[in-house]
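Here's a quick briefing to read alongside the structure. Have a look first, then go through the points below.

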Amino acid sequence: MLLNYIPVLLLIGVAIFFACFAVAASALLGPRQANQTKGAPYECGMPTLGPTHQAVPIKYYIIAMLFLVFDLEVVFLYPWAVVFRELKVAGFVEMMIFIFILLVGFIYVWKKGALNWE
Amino acid sequence: MPADIPSLYFLIVSALVFAIGAIGVLVRRNAIIIFMCIEMMLSAVNLTLITAAHYLNSLDGVLMVFFVMTVAAAEAAVGLAIFVLLFRNRKTIKADEINLLKG
Amino acid sequence: MNLVTTQVTVMDLIVIAPALVLTGCALVILLLSAFVPTGRRGFLGYCAVAGVVAAMASLLWGNDGAQSGFNGMVQRDPFALFFTVIIGIITLLTILASLGYARREGIDFGEYYVLILFASVGMMLMAAGGNFLIIFLGLEVMSIAIYVLAGIMRDDARSVEAAFKYFLLGAFASAFFLYGIALIYASTGTFDLTGINRVFTEQSSIRILPIVITGLALLIVGFGFKIALVPFHMWTPDVYEGAPTTITAFMATGVKAAAFAAFVRVFWHALPQLQPYWVEIMWVLAVATMTVGNIIALVQTNIKRMLAYSSIAHAGYILVAFVAGNQLGAASILFYLLAYCFMNIGAFTVVILLGKKGEERTLISDYAGVGSRHPLLAAAMAIFMFSLAGVPPTAGFMAKLYVFSTAIQAGYYWLAVIGVLNSAVAAYYYLRVLIYVYFREQEGESPITQFAPAAVLVVVISAWGVLHLGVLPSAFFAMAQRSIQFLR
């Protein structure tokens with residue numbers, strides 16, 4: 001019965017080959033010329049002013065993470081809004097529960113001071 | 001999805017993207033890049049789900065994609081927090097330099 | 001897809017009652033931990049205990065038969081109930097063991113308990129999921145909470161490193177698991193486990209499609225990571241060593257029980273027709289998991305690492321029953337997990353009790369002289385070690401007996417022989433701990449240890465559980481047998 005796994009093996013083989021091939025081909029075939037422009041942080045665009053390796057305040061990361069999580073909830077709100085009428089009261093109540101759980105998270109984040117910029 | 005491209009092509013593309021992501025996880029050393037590869041694997045799965053939902057004419061696959069996206073976002077938030085914490089502790093996020101624990 | 005009914009019935013609420021209660025309790029604790037001033041948050045742990053007890057009490061709502069809610073999304077069959085109770089016991093014991101430990105290590109904020117409760121919700125959904133969607137969500141709710149818990153000692157580089165490793169490998173495994181689900185969906189057109197079973201029964205041609213086999217293989221990889229089967233076990237020792245000890249106990253028992261529940265349900269309920277395709281792979285995995293786990297455990301000097309490898313080996317024993325694949329096999333998996341949860345939590349709690357702040361004392365040589373200093377604790381440790389080694393009259397012995405006799409009944413003689421040989425090897429490293437405990441004199445001054453009463457209670461409950469399951473196993477085994485009747 002192990003013979004049945006041969007397609008899997010083939011798939012793995014092809015996938016590994018393709019990935020190695022892509023990496024090797026770009027390393028072998030791609031022309032490489034190092035010059036001033038190429039080494040610049042943005043090859044095509046505005047020349048940068050001042051040092052580019054600046055530490056970003058940790059606040060940005062926290063806000064970004066919170067944004068990521070809360071923003072994704074819209075994914076569920078949108079389809080809900082589309083079929084809102086068919087779902088009747090039950091759908092409304094369920095969505096309110098969902099929003100309430102998010103609200104608890106929001107209050108927690110707020111109270112912990114993660115949203116304070118100063 | 002364009003009608004003249006067979007579904008099989010989408011499945012093959014997603015299998016290749018998944019494999020590239022998996023190999024990336026195994027060969028890269030920077031934690032952020034490893035995590036990006038994992039996200040790429042999840043995106044490949046999403047492509048498979050959408051393709052399957054399209055040719056099966058069923059909505060279940062699309063629904064699953066919503067949940068996968070949400071889970072990926074939650075994972076990203078937790079993962080970035082762990083990376084920041086690790087960097088504060090160790091001043092590196094290179095996977096092969098993280099070696100306090102070994103037997 | 002036909003539009004599902006939009007009404008939520010009382011049955012739906014009954015089906016998810018324990019998860020609902022735990023979620024509500026976790027939200028309340030989360031808000032309390034934000035509003036109650038620091039220094040007066042000691043009661044939050046007791047709130048979590050009350051929440052778990054309430055969740056278990058909510059199981060009494062509704063009757064015993066197999067029911068399902070949300071159009072089959074969540075099941076409330078005896079199998080789910082059995083695992084809900086196991087997970088409830090594990091959560092309760094973990095929180096009780098945490099009450100003193102968390103204060104000692106300075107991690108007794110509300111979020112710690114909230115995350116344990118959320119992980120517990122994920123485990124329950126995983127065990128009760130009748131649909132790949134719910135199983136996947138349960139897996140992720142559990143995993144994400146545990147990634148954070150593993151790294152909750154923020155200033156301890158080892159704890160953060162454990163979280164880092166667990167996170168990367170866990171997310172990697174989730175991707176495999178998910179791809180397996182997607183491929184099964186692509187070939188059967190449904191996420192519903194019963195529906196998948198129906199497709200395989202009605203269309204026998206679909207079985208041999210390579211896409212199904214690939215999906216099956218990817219599911220095995222995904223579950224293999226969560227259960228820590230060799231060769232997907234690399235993360236286990238590092239993560240178990242670095243994580244806070246309470247969380248290690250929680251991971252070693254809870255994650256494993258929930259993952260095995262989903263594993264059994266998916267492979268035996270949804271994909272039984274594919275059994276010829278996975279049984280040989282499982283055979284190899286079982287032998288590799290038992291052998292590698294036991295042999296590496298022989299040379300460990302850190303008790304947390306040793307227990308990590310021992311937990312890998314135990315997953316191998318459980319897999320033996322999985323391979324055997326009959327009714328008795330499923331029942332012995334359930335019995336094994338119940339026995340395993342008591343003996344493992346007990347052993348880890350003894351490790352917790354013997355540690356001090358900032359000094360975990362987890363080397364096996366640190367256990368020298370414990371027998372004369374703390375005779376009762378040493379006796380409890382002896383019970384847990386004997387049980388892990390499989391010495392009668394303990395739960396571990398009965399569990400192993402059921403597993404191996406199942407394998408022999410199903411005709412897997414070699415598997416049973418390898419299993420028994422492995423248990424003999426394993427006895428060496430468990431008894432080595434006891435040699436240190438009883439026959440080695442400790443060097444240096446005797447550390448004064450203040451035992452947290454709640455953790456002592458955990459040790460007592462676990463020791464009682466181990467002995468009770470060892471002496472009077474038949475009632476529990478009959479319960480396990482009743483719980484798996486839906487499978488065939």
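In what order do the elements of chain B run from the N terminus on? They go α-α-α, with 3 helices and 0 strands in chain B. Helices (H or I, at least four residues) and strands (E, at least two) are DSSP runs numbered from the N terminus.

This is a predicted model, where local features need pLDDT of at least 70, side-chain atom pairs count only at pLDDT 80 or more, and totals for chains, interfaces and linings use all residues. Residues are numbered from 1 along each chain as its sequence is written, while chains are lettered from A and ligands numbered from 1 in the order in which they are written.

**Chain B overall**
- Chain B has a radius of gyration (over C-alpha atoms) of 17 Å, against near 13 Å for a compact globule of 103 residues (rule: 2.2 Å times the number of residues to the power 0.38).
- Its C-alpha atoms fill a box of roughly 50 × 25 × 25 Å along the principal axes.

**Where B meets C**
- Here 34 residues of chain B are in contact (C-beta atoms, placed from the backbone, within 7 Å) with 36 residues of chain C.
- On the chain B side, helix 1 (7-27), helix 2 (31-56) and helix 3 (60-90) each supply at least two residues.
- Helix 3 of chain B gives the largest share, 15 residues.

**Where A meets B**
- This contact takes 12 residues from chain A and 15 residues from chain B.
- On the chain A side, the elements giving two or more residues are helix 1 (6-29), helix 3 (58-72) and helix 4 (74-82).

Note on methods. Two residues are in contact if their C-beta atoms, placed from the backbone, lie within 7 Å.
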